[in-house]
Amino acid sequence: MNPLEKLRHSAAHVLATAILEIWPEAQLAAGPPVEGGFYYDVELDHRISPEDFPLIEEKMRRIIAERQPFKRIEVSREEARELALKGRLGALSERATPSRYKLDILESIPENEPITLYQNDHFIDLCAGPHVEDTGWIKGFKLTHVSSAYYKGDEKNPQLQRIYGTAFYSEKELEAYLKQLEAAKQRDHRKLGKELELFLIDEEVGPGLPLWLPKGAIIRAELQAFLTEELQRRGYLLVHTPHIGSLDLFRISGHYPYYRDSQFPPILEPAELKEFEQKQMSCAELANRLEKGEVSGYLLKPMNCPMHIRIFAAKPRSYRELPIRLAEFGTVYRFEKSGELSGLTRVRGFTQDDAHIFCMESQVEAELLSCLELVKVVVEKLGLTDAKARLGLRGEDKEKYVGGAESWQKAERDLRKAAQESGINFVEEPGEAAFYGPKVDFLVKDAIGRLWQLGTVQLDYNLPLRFSLTYVGEDGNKERPVIIHRAPFGSMERFLAILIEHFEGHFPLWLAPEQVRVIPLSDAFVPYGQKVTALLQQHKFRVTLDRKNETLGAKIRIAQLEKVPYMLIVGKKEEQMSRVSVRTARKGNLGEMELEAFLSLLLTECKERRI
């Protein structure tokens with residue numbers, strides 16, 4: 001936990017103390033630091049709203065002014081349980097009602113971990129820490145919003161109130177953050193996506209399953225075309241794979257069970273399912289048989305790699321063919337908890353710009369450098385120039401990963417070396433690896449300074465072994481290939497969400513769903529407007545002719561609200577001189593321009609994919 005997270009964790013305890021001073025009966029769950037701030041989950045009959053924030057913040061300011069020390073107290077598991085049963089944990093005093101969420105959290109702490117409490121004044125909480133020395137360290141804070149959240153993100157559990165806030169070491173930092181927050185509201189991709197008619201999430205279709213509307217589909221297609229050009233230049237071969245696959249396929253890869261918590265349940269054979277029904281098999285027995293591999297069926301694919309592996313394995317391979325680079329814009333499915341779904345950034349069905357490179361060990365370094373360079377090309381072309389990277393390594397819990405220590409050490413060493421040679425700015429983080437190998441994730445800052453995780457490059461010595469992949473080496477013997485997984489965008493959905501907010505809906509010309517709107521001054525100039533429209537359409541530009549019965553000012557305002565990059569005003573003077581009056585959504589009036597000169601400007605801007 002970094003210093004700012006530690007401060008925000010402490011601020012969450014101050015928030016909890018303040019809530020209990022107002023509503024002593026509140027049942028507290030958890031209050032961790034999160035990106036941008038902190039929250040605390042509370043069960044309370046009173047519905048907390050922003051109208052309650054001034055009173056809560058007043059209590060928090062007093063607690064901070066008192067500089068209450070945070071005391072760490074280590075207790076036995078039984079002592080902690082006794083306190084929870086008396087209602088003392090997550091409370092200011094003993095209560096008639098047990099601290100039921102603290103009891104549940106206590107049960108989830110592994111037996112070998114110490115049980116620690118943290119106390120400030122009369123508030124005692126079950127907490128691993130760490131915290132700042134005292135509440136006075138919190139110099140700037142603010143409650144931001146409140147929402148509902150299922151306990152532990154599981155919709156089978158009670159729904160709690162989640163109160164969010166943020167905290168900093170100075171008022172100046174808080175002020176800068178609040179300005180950024182206000183800017184973020186205006187850029188929110190959910191708001192702009194609805195206003196610009198880019199995508200739709202329909203509850204009848206299902207939460208977390210976005211529908212791409214025509215305008216959003218254009219942006220998606222342009223991004224795919226841009227990346228496809230890059231891939232073809234670099235020798236990638238495009239493939240397509242189905243949305244579901246055999247359960248046994250994912251057992252071999254390890255996605256089932258290593259990735260099971262993030263998957264939709266298996267789809268069983270109808271005949272087999274009917275047999276289970278007739279035998280009145282319990283859910284527990286069925287789950288046990290699935291675990292043992294005794295039940296066949298299918299799985300909505302959580303990743304594309306097992307299918308690409310089977311394409312590689314479909315025929316004998318020679319060292320002369322390697323590297324083989326298979327790429328796909330493949331849709332995958334993850335059963336994200338409903339409380340964690342958010343617009344396009346956290347969904348249950350999304351398309352990865354996925355590729356898998358099958359190569360010899362001697363080719364690994366060059367291929368890794370090429371992959372890292374490709375990610376840099378993609379993010380820089382789209383104006384996301386402030387980027388750094390995270391090298392995700394295997395964590396201490398070895399049960400979460402496939403493969404032995406030797407293959408992991410080799411993969412981590414090779415990927416670290418490539419990251420160093422590529423010149424990217426990166427940090428190492430144990431526990432952030434994929435279950436089959438280490439990875440480099442790219443983190444970029446958008447136009448208002450927020451950090452987003454985008455593309456990834458992963459090195460894998462384990463899946464080739466699990467699938468018994470081989471190729472014939474130069475000496476005629478069978479050798480084991482290495483797999484590199486890479487996705488420059490990460491997911492099309494998340495990437496587009498970031499671009500919507502980064503550009504604030506003002507997409508560069510080559511991405512804009514509608515590139516030009518032609519606006520005649522009156523019906524008399526519609527024929528010339530049609531001529532201008534036809535010329536631009538001949539050159540494959542996305543152009544509309546505005547024939548609505550509105551004033552010129554109203555038409556311009558509508559085009560600006562719809563964030564159309566170029567507006568062409570055409571009237572008598574423009575028709576006589578074969579010119580157009582040019583306006584842009586962001587810069588306003590650019591003056592008159594010859595029609596051919598304007599066409600040349602558009603062609604150059606699109607060809608170079610200018611930002």
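# Asking how the terms are earned

Author: Start at Asp446. Leaving aside neighbours within four places in sequence, Asp446 is in contact with Leu384, Trp452 and His502. The model is predicted.

Reader: Where along the chain is Asp446 found?

Author: In a loop. Strand E19 (439-445) comes before it and strand E20 (451-460) after it.

Reader: Why is Asp446 called buried?

Author: Its relative accessible area is 7%. The cut-off for buried is under 20%, so Asp446 qualifies.

Reader: What makes the approach of the Asp446 and Trp452 side chains a polar contact?

Author: The distance is 3.0 Å. A polar contact needs a pair of N or O atoms within 3.5 Å, one able to donate a hydrogen and the other to accept it, so this pair passes.

Reader: E19 and E20 flank that loop. What sheet do these strands belong to?

Author: An open sheet of eight strands, with mixed pairing. The order is E11-E15-E16-E23-E20-E19-E17-E18.

Reader: How do you know which strands stand at the edges?

Author: Count the partners. Strand E11 (237-238) and strand E18 (426-430) each have a single partner strand, so one side of each is left without a neighbour in the sheet.

Reader: What makes E17 and E18 a pair?

Author: Five bridges join E18 to strand E17 (residues 387-393). Pairing takes at least two bridges, so these strands count as paired. They run parallel. Ala389 stands opposite Phe426 in E18.

Reader: Now Phe335. Where is it, and what is it in contact with?

Author: Phe335 is in the loop between strand E15 (324-333) and strand E16 (349-359). Leaving aside neighbours within four places in sequence, it is in contact with Asp261, Ser262, Gln263, Phe264 and Arg348. The C-alpha atoms of Phe335 and Gly208 are separated by 9.1 Å, and these residues are 127 apart along the chain.

Reader: Why is Phe335 called partly exposed?

Author: Its relative accessible area is 33%. Buried is under 20% and exposed is over 50%, so Phe335 falls in between.

Reader: What makes Arg348 a charge over the ring of Phe335?

Author: The charged end of Arg348 sits 4.5 Å from the ring centre. The distance limit is 6 Å, so that part of the test is met. Elsewhere, Arg162 lies over the face of Tyr39, at 3.9 Å from the ring centre.

Reader: How many aromatic pairs does a search of the whole structure find?

Author: The search finds 12. One of them joins Phe168 and Tyr177, with ring centres 5.3 Å apart and planes at 50°.

Reader: Why is the pair of Phe168 and Tyr177 called tilted?

Author: The centres must lie within 6.5 Å, and 5.3 Å meets that. Stacked needs planes under 30 degrees apart and edge-to-face needs over 60, so 50° counts as tilted. Phe168 is buried, at 7% relative accessible area. Tyr177 is buried too, at 17%.

Reader: How do you know that strand E26 is largely enclosed?

Author: E26 covers residues 566-570. Five of the five are buried, so the strand is largely enclosed by the rest of the structure. Tyr566, Leu568 and Val570 point one way, while Met567 and Ile569 point the other way.

Reader: Which strands pair with E26?

Author: Strand E24 (residues 516-520) runs parallel to E26 and is joined to it by five bridges. Here Ile519 has Ile569 as its bridge partner. Strand E27 (residues 579-584) pairs with E26 in the antiparallel sense, over four bridges. There Leu568 has Val582 as its partner.

Reader: What covers the buried residues of helix H18?

Author: The cover includes E24, E26 and E27. The buried residues of H18 (residues 552-561) are Ala554, Lys555, Ile556 and Ala559. Just after H18, Lys563 takes a positive phi of about 55°.

Reader: Which residues have the most contacts inside the largest nonpolar core?

Author: Leu223, Leu382, Leu499, Phe507 and Leu536, in a core of 77 residues. Residues that Leu382 touches include Leu223, Phe489, Leu499, Trp510 and Ile611. A second, separate core has 32 residues, among them Leu15, Ala16, Leu143 and Ala167.

Reader: How many helices and strands does the chain have?

Author: The chain has 20 helices and 28 strands. Of its 611 residues, 51% count as buried.

Technical notes: Residues numbered from 1 in each chain as written. Predicted model: local features only at pLDDT ≥ 70, side-chain atom pairs only at ≥ 80, totals over all residues. Heavy atoms only, no water. Phe/Tyr/Trp six-rings, centres within 6.5 Å; stacked < 30°, edge-to-face > 60°. Buried < 20%, exposed > 50% of the residue type's maximum accessible area, 1.4 Å probe, protein only. Lys NZ or Arg CZ within 6 Å of the ring centre and 35° of its normal. Core = buried A, V, L, I, M, F, W, Y, C linked by side-chain atoms within 4.5 Å. Contact = heavy atoms within 4.5 Å.
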